[in-house]
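Colleague: Before I use this model, I should like to hear the grounds for the terms applied to it. Please take me through them.

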Amino acid sequence: MTAPVESKLGLPQDRIDQARELAERIARPVNQFIERHTTVSVERATLRLAGADGANAEGVPVPNLVVDQVRDRLEDGALLPYVNALLRTGDTIEGLNQRIAQGFRVDELPLGDRGALERKAEELVESFATHVKARRAWRAACKERYAGKNHSPLLYVIVATGNIHEDVKQARAAVYQGADVVAVIRTTAQSLLDYVPYGATTEGFGGTYATQENFRIMRAALDEEMERHERYIHLTNYASGLCMPEISAMGAIERLDMMLNDSIYGILFRDINMYRTFVDQKFSRMINSFGGIIINTGEDNYLTTSDAVEKAHTVLASQFLNERFARDAGLPPRLMGLGHAFEMDPSIPNGFLWELAQARMAREIFPEHPLKYMPPTKHMTGNIFMGHVQNAMFNFASMATEQGIHLLGMLTEAIHTPFMMDRALSLENARYVMNSMKDFASEIEFKKDGIIVSRAREVLDKTVDFLEVLERIGMMEALEQGLFAEVKRPRDMGKGLEGIQEKGPNYYNPFETWLANELGLTAN
């Protein structure tokens, strides 16, 4: 996915460098805000990394119970009271979790010797690091064993039954049909829940709850299919919404391979407060980076609300910003699956050339990144025959421009959640197109100053102009003015605002500090 990319568009490198410099300056004041704050979800994720798990009889997760208990002193972090309870009670982690689920309050215990508390906390950090390093090593060994067996680009499909056990059946069928990546779609509106449900779930709407047990069940099933079909099968879920860092923690522990994780998406499309989102996304991405998890960003969503011709530059601008925020969280380019989409109106003359321009431009600007290319959705009408043709064109564009992760289009898009036979037809379509034009990308050149080259340069120029505006007014002001996806989001409103907390002088989070050191970031 990261082979050298030949320049075919002749994009001016100075303009690309200028865009990156602007993105860095735009992100700088946001990062300064991030460093001064924590959130309830960051603290709950920290507890999960330490081993906090389980739920009480009402289904309230143990990490939520602890954070709710210490909410009035969250400026110091939530970990020390939990570690203090471990030492005071002499419990194992599992024993303490059960005790908390039964009503035990960690906040009522006086804190013991600070040095002893910190030594115990460092043991928990080491335990987490050892576990995740072992999971990463297992992934690397499996990928080496089956090197060259996956499709290029990776063929990515979704399952979304609402029942994890039914999802497993559909995932197994998808792997048999040729899928390289299986994404378990989350149940509708889980991103707005300020807690992570516990255990295996069988009742979801439009998708299946993201829980650690569901991650474990699907991971085990896909590992079985990997052995059976002798190719590595990637598991994807959604680290977005109000529990972004917690789901990343669960993903690292259970060895997920990809996670939907965007620095701006929740603000625009879920009305989650921007302060909350910016703080959450950084800790989430730090965990993803250490876990070796590829993030998938959500620029495709811009084009479902805005016009793909007029607003193409906002997609590229978002890619530059997502790249910058990801770098600031320690993610290397090989883990940045920046998103874009095949969403031109089919009635536009030469629309396919414009699609090629956009896709190739992204490939050349981000050559080391496993770009995630999204299929047509906005202009799918329910005509399955036309839809199959549109998807074939999309498959062609993906192969011609050397994309990295290819989310399959479904001929029944806009009708219903895909049946297994819909997925089989889409996989057959993609395999046929991609096999028949295997070396097409290396054979073609683009006409200098032709439609494709001119369009790519125009979008890049507009992107630089747009980023200059963002630098002048600031990222948060731009979001308030609706400069992205034509959606306006006030900074002092939105879901989860009450969950943000300024760090105090005694704030303590050894997981954050350890990750920052491990990833080469400046420690807090």
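Colleague: What phi does glycine 292 take just after H11?

Modeller: The model is a predicted one. In it, glycine 292 directly follows H11 and has a positive phi of about 70 degrees.

Colleague: What makes H11 largely enclosed by the rest of the structure?

Modeller: Buried means under 20% relative accessible area. In H11, 18 of the 18 residues are buried, so the helix is largely enclosed by the rest of the structure.

Colleague: How do you know that the reach of H11 is close to the expected one?

Modeller: H11 covers residues 274-291 and has 18 residues. From its first C-alpha to its last it reaches 25 Å, against the 26 Å expected at 1.5 Å a residue.

Colleague: Why is asparagine 273 said to cap the N-terminal end of H11?

Modeller: A side-chain oxygen of asparagine 273 lies 2.9 Å from the backbone nitrogen of tyrosine 275. The cut-off for a polar contact is a pair of N or O atoms within 3.5 Å, so a distance of 2.9 Å satisfies it.

Colleague: Let us turn to the strands. How do you know that E2 and E3 pair?

Modeller: Two strands pair if there are at least two bridges between them. E2 (residues 154-159) and E3 have four bridges, in the parallel sense, so the criterion is met. Valine 157 stands opposite valine 182 in E3, and valine 159 has valine 184 of E3 as its bridge partner.

Colleague: What is the hand of the crossover from E2 to E3?

Modeller: The chain passes from E2 through helix H7 (residues 164-177) to E3, and this β-α-β crossover is right-handed. E3, helix H8 (residues 212-229) and E4 also make a right-handed β-α-β unit.

Colleague: Which strands other than these two are joined by bridges to E3 and E2?

Modeller: E3 is joined to strand E4 (residues 234-238) by three bridges, and the two run parallel. Alanine 183 has threonine 236 in E4 as its bridge partner. E2 is joined to strand E10 (residues 405-407), also parallel, by three bridges, with leucine 155 opposite histidine 406.

Colleague: Why are both faces of E3 called covered?

Modeller: Val181 and Ala183 on one side of E3, and Val182 and Val184 on the other, are all buried. As for E2, five of its six residues are buried, so that strand is largely enclosed by the rest of the structure.

Colleague: Why is alanine 357 called buried?

Modeller: Its relative accessible area is 1%. The cut-off is under 20%, so alanine 357 counts as buried. Alanine 357 is found in helix H14 (residues 351-365).

Colleague: Which residues is alanine 357 in contact with, leaving aside its neighbours within four places in sequence?

Modeller: They are Leu9, Ile452, Arg455 and Ala456. The C-alpha atoms of alanine 357 and alanine 456 are separated by 5.3 Å, although the two residues are 99 apart along the chain.

Colleague: Which helices do the buried residues of H18 pack against?

Modeller: They pack against helix H1 (13-35), helix H13 (312-328), H14 and helix H19 (475-481). The buried residues of H18 include Ile452, Arg455 and Ala456. Glycine 474, which follows H18, has a positive phi near 95 degrees.

Technical notes: Residues numbered from 1 in each chain as written. Predicted model: local features only at pLDDT ≥ 70, side-chain atom pairs only at ≥ 80, totals over all residues. Heavy atoms only, no water. Expected span 1.5 Å × (residues − 1). Buried < 20%, exposed > 50% of the residue type's maximum accessible area, 1.4 Å probe, protein only. Polar contact = N/O pair within 3.5 Å; in protein donor to acceptor, adjacent residues only side chain to side chain. Right-handed = clockwise from strand over helix to strand, strands pointing away. Contact = heavy atoms within 4.5 Å.
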